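Me: I'm new to this one and would like a close look at a single part. Please start there, then carry on to whatever helps me find my way around.

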Amino acid sequence: MRVNKRLVEIYVDEFNDLLENLSMMVKEDRDVLFKTHSKRLFPKSKEIVNLEDQLKGRSDYIHKFKRSFFIIGNCFFSSNYFGEYNQEEFIKRTGYQSQRYPQKVILALSLMGYITKMRRSYSVAHHGYQYEIDYWKFKKWDKDFFVDIDLDEEKETPCSIPDFGDEWLYRKQIETFKAMEVDEVFFSDLMKEKDEALSNYSKETVSKSKNLNHINDMETLYHRKEGLNKIIIDGQDGRLYSIMTRMKSDYRHGGILSIDGEKFKEVDLSNSQPTLLGLMVKRKLNEKNQEFNSLWLEHAVKGDFYEWLVDITGIGEMQIDDIILKLEEVIDKNKKSKKKHVREQAKEDENIINKVKREISPYPHVKLRPLVKYWIIKFLFGKQIVCPDNKDVKGIERKFLKNLCVYLNANEPYIYEELIWYKKHPQPKKKNPCENASELARKLQEEEVRYIKECLKRLDTEVKYLYTVHDCIGCLVSDVDKVKSIMEQTSIDYYGVKLNLKVE
């Protein structure tokens, strides 16, 4: 098992010193010490956690504690879970049926001074707590700070191949990840950023925590940690998820990753969601031997889809400054809402408006593109239905959607019918069955998977290294023209149209 070298030092030296100091105390004093820490660490627990089993020297207890110490320590001090006691996760990782040994590990870390205090007094996800860590006490930076140790346990089972019938795809991506090298200067700077973030973790925002997750992914790749082999195939639509799908796009194709000194690029499907919707409708009609002539699909494939929306909805005729002013008034109002989801939506709206402000082009087709893209994606997958006959429509976004629906109803009936059908037939969410959502997103993902997998079958013998990120394929710079050409030819054979592919 690969563990942080610092954990080995703590277990071998500091934990043994702790046991020696505890053994010199009378049991009554130890009980008081255990009770004090236990109540602070697990305020809702009725039992007092102690280390008496380890003091008695029974080999079975020592073995279970040692095994738990390294498994939980790896998780507890990772930047993904930094300072979190996640009961369900720890029980699953150790393989034990109770939280007894995970709690003993947290108690030991507290007694040794690595846990300074409880960050919050309420439970976090999966029946746990969040603690503040003395990061610099734990931290001793070493380039090769992961080591392999034998826990005298059953050997861990190797990562199993997902059962989706294309083992070659799984193996090909794993081989690519294992051959990747991370730029040393960039990685060193990234570790400094991680140190700074974790040392002030109690003050971090949610967005900063997400950044730590991205850093952790890069660290997994650099050190070839266990998570590198974790590839998941979504059971519903067949999407493949790997370390690359979680990683920041700037990290993936920013010249940071390479194999034998050669960098990576990605071939991406432009206007992917509108394009996939048009292709899905086209395929359905072709199966019924019906013609499908669509400006929606034509502009999506051409690459000027959002500019076309500016024209057909009339938003380009409005003064951009007036649009921004009216939208900012709504945002300011929603920021003060008592409803959390309304305030969060206002933050997203504000980010988009700031993008529009930063765009220096005087042309509305260019300047309004991010705003129109934002609105149409929300409309595609949202529940809202805007009736074309409704004359009393308030707000710029609603007017935009009304004009869009009027146009689609008159000129793109097949697209419009498809959109309205999914809005009228929502399905329970996978993560929260109590809430309903449009199934369109999953259907478009299925369409994406069909196309990408067809491309990959043709690329298998042509390209040695590749990875997928949903609707794009990453490859070495020397292979990018070949990958793009094969993806274009696949789209012609599969859909009868040449898709608009861009190279990142």
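Reply: Helix α6 is mostly covered, with eleven of its twelve residues buried. Buried means under 20% relative accessible area, exposed means over 50%, and partly exposed lies in between, using a 1.4 Å probe and protein chains only. This is a predicted model, in which local features need pLDDT of at least 70 and side-chain atom pairs count only at pLDDT 80 or more, while totals for chains, interfaces and linings use all residues. Residues are numbered from 1 along each chain as its sequence is written, and side-chain values use heavy atoms, with hydrogens and water left out.

Back to α6, which runs over residues 100–111. The buried set starts with Tyr-101, Pro-102, Gln-103 and Lys-104, goes on through Val-105, Ile-106, Leu-107 and Ala-108, and ends with Leu-109, Ser-110 and Leu-111. Its end C-alpha atoms are 17 Å apart, which agrees with the 16 Å that twelve residues should span at 1.5 Å a residue. The expected span is 1.5 Å times one less than the number of residues. After α6 comes Gly-113, with a positive phi near 90°.

Helix α13 (272–287) makes a good companion. It is mostly covered too: twelve of its 16 residues are buried. Among them are Pro-274, Leu-276, Leu-277, Met-280, Val-281 and Leu-285, along with Lys-282. From first C-alpha to last, α13 reaches 22 Å, close to the 22 Å expected at 1.5 Å a residue. Asn-289 follows α13, and its phi is positive, near 60°.

Now try α16, residues 320–335, where the end C-alpha atoms are 22 Å apart, in agreement with the 22 Å that its 16 residues should span. Ile-320, Ile-323, Ile-324, Leu-327 and Ile-331 are buried there. They sit on the same side of α16 because they cover an arc of only 90° around the axis, the arc being that of the directions from the helix axis to the C-beta atoms. The face turned away from that buried side carries Asp-321, Glu-329 and Lys-333, which are exposed. What do the buried residues of α16 pack against? They pack against α17 (340–358), α18 (364–367), α19 (369–381) and α20 (396–411).

Two of those neighbours turn up again around an opening. α17 and α19 each supply at least two residues of the lining of the second largest pocket, as do α12 (249–252), β10 (262–269) and α13. The largest share of that lining, five residues, comes from α19. The volume of this pocket is about 1,200 Å³, and 28 residues line it, the closest to its centre being Ser-249, Asp-268, Lys-355, Lys-373 and Lys-502.

There is also an enclosed space: the structure holds one cavity of 30 Å³ or more. The largest cavity has a volume of about 130 Å³. Gly-238, Arg-239, Leu-240, Val-449 and Ile-452 are the closest to its centre among its 13 lining residues. Helix α22 (residues 440–459) gives the largest share of the lining, five residues. On a 1 Å grid over the protein atoms alone, a cavity is a set of points where a 1.4 Å probe fits but cannot get out, and a pocket is an open set with protein on both sides within 12 Å along at least five of seven lines; lining residues have an atom within 4 Å of a point. Grid points are joined across faces, edges and corners, and a volume is the space filled by probe spheres set on the points.

Here are two single residues to look up. Ser-242 lies in the loop between β8 (240–241) and α11 (243–246), and its 0% relative accessibility makes it count as buried. Beyond its neighbours within four places in sequence, Ser-242 is in contact (heavy atoms within 4.5 Å) with Gln-173, Phe-177, Lys-230, Ile-231 and Thr-468. Leu-295, in helix α14 (residues 295–302), counts as partly exposed at 36% relative accessibility. Leaving out residues up to four places away in sequence, Leu-295 touches Trp-308, Tyr-407 and Glu-412. Leu-295 and Trp-308 are 13 residues apart along the chain, with 9.2 Å between their C-alpha atoms.

Stepping back, the protein chain has 23 helices and 15 strands. These are DSSP runs numbered from the N terminus, H or I with at least four residues for helices and E with at least two for strands. Of its 504 residues, 48% count as buried.
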